[in-house]
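Q: I am new to this structure and would like a close look at a single part of it. Please choose one helix and describe, with care, how its residues relate to one another and to the rest of the chain.

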Amino acid sequence: MNGRIERLNRSLKEIASAVLPTSGLPRVYYWKYAISFAKICINQIAISTDGTKMSLMQAYYGLIPFYKDLLPFGCKVYVSNKNNNSSLHTRGIAGVYLGRD
């Protein structure tokens, strides 16, 4: 059991260390977000330990992963600003994608 947990921790660190440099974000401040993003990726990847090819999310919750919502870590995103009704002002606020809750 301990070996499986160590392998999972190693996989989380490997994914996080791969997505941080490509995002251009500082490693010190965004490490926890990269680990959280890696956790989301691992939970949605199809695995085949018993031949069923199910993701962990599908095996545990019975939900099929929706890959359309999974964006690259650190990419530029725009959040809708619904308080601004003027047609001359911008309606989106620029941000950086750090994963989802």
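A: In this predicted model, Y33 has a relative accessibility of 33%, and because buried means under 20% and exposed means over 50%, Y33 counts as partly exposed. Helix 2 has a kink of about 30 degrees, and the kink is centred on Y33. Despite that kink, the length of the helix can be checked against expectation: with 1.5 Å for each residue, the 18 residues of helix 2 should span 26 Å, and the C-alpha atoms at its two ends are 24 Å apart, which agrees.

Y33 also has an aromatic partner within the helix. The structure holds three aromatic pairs, and in one of them the rings of Y30 and Y33 have centres 6.0 Å apart and planes at 45 degrees, so this pair is tilted. Y30 and Y33 are three residues apart in helix 2, so about one helical turn separates them. Y30 is partly exposed as well, since its relative accessible area is 25%.

A further pair involves a residue of helix 2 and a residue elsewhere in the chain: the rings of F37 and Y97 have their centres 6.5 Å apart and their planes at 90 degrees, so they are arranged edge-to-face. This pair links distant parts of the chain, for F37 belongs to helix 2 while Y97 lies in the segment after strand 4 (92-96), and 60 residues separate the two. Both F37 and Y97 are buried, and together with F73 they form one aromatic cluster.

That cluster leads into the interior. The largest nonpolar core has ten residues, namely A16, V19, L20, L25, A34, F37, C41, F73, V77 and Y97. Two elements, helix 1 (2-23) and helix 2 (27-44), each give two or more residues to this core. Within the core, L20 offers a view of the surroundings of helix 2 from outside: leaving aside residues up to four places away in sequence, L20 touches L25, P26, R27, Y30, W31, A34 and F73. Y30, the residue that is partly exposed at 25%, is thus among the contacts of L20.

Turning to helix 2 as a whole, its buried residues are A34, F37, A38, I40, C41, I42 and Q44. Of these, Q44 deserves a separate word: its relative accessibility is 3%, and because this is under 20%, Q44 counts as buried. When residues up to four places away in sequence are left out, the contacts of Q44 are S55, M57, P65, F66, Y67, L70 and R100.

One last residue relates to F37 by position rather than by a ring pair. P72 sits in the loop between helix 3 (56-61) and strand 3 (76-80), and at 52% relative accessibility it counts as exposed. P72 and F37 are 35 residues apart in sequence, yet their C-alpha atoms are 9.4 Å apart in space. Taken together, helix 2 carries a kink centred on Y33, a tilted pair formed by Y30 and Y33, and the buried residue F37, which also belongs to the largest nonpolar core.

Conventions
Residues are numbered from 1 along each chain as its sequence is written. This is a predicted model: local features need pLDDT of at least 70, side-chain atom pairs count only at pLDDT 80 or more; totals for chains, interfaces and linings use all residues. Side-chain values use heavy atoms; hydrogens and water are left out. A nonpolar core is a set of buried Ala, Val, Leu, Ile, Met, Phe, Trp, Tyr and Cys residues joined through side-chain atoms within 4.5 Å. Buried means under 20% relative accessible area, exposed over 50%, partly exposed in between (1.4 Å probe, protein chains only). Helices (H or I, at least four residues) and strands (E, at least two) are DSSP runs, numbered from the N terminus. Contact means heavy atoms within 4.5 Å. Rings of Phe, Tyr and Trp (its six-membered ring) pair if their centres lie within 6.5 Å; planes under 30 degrees apart count as stacked, over 60 as edge-to-face and the rest as tilted. The expected span of a helix is 1.5 Å times one less than its number of residues. The bend at a residue is the angle between axes fitted to the seven residues ending there and the seven starting there.
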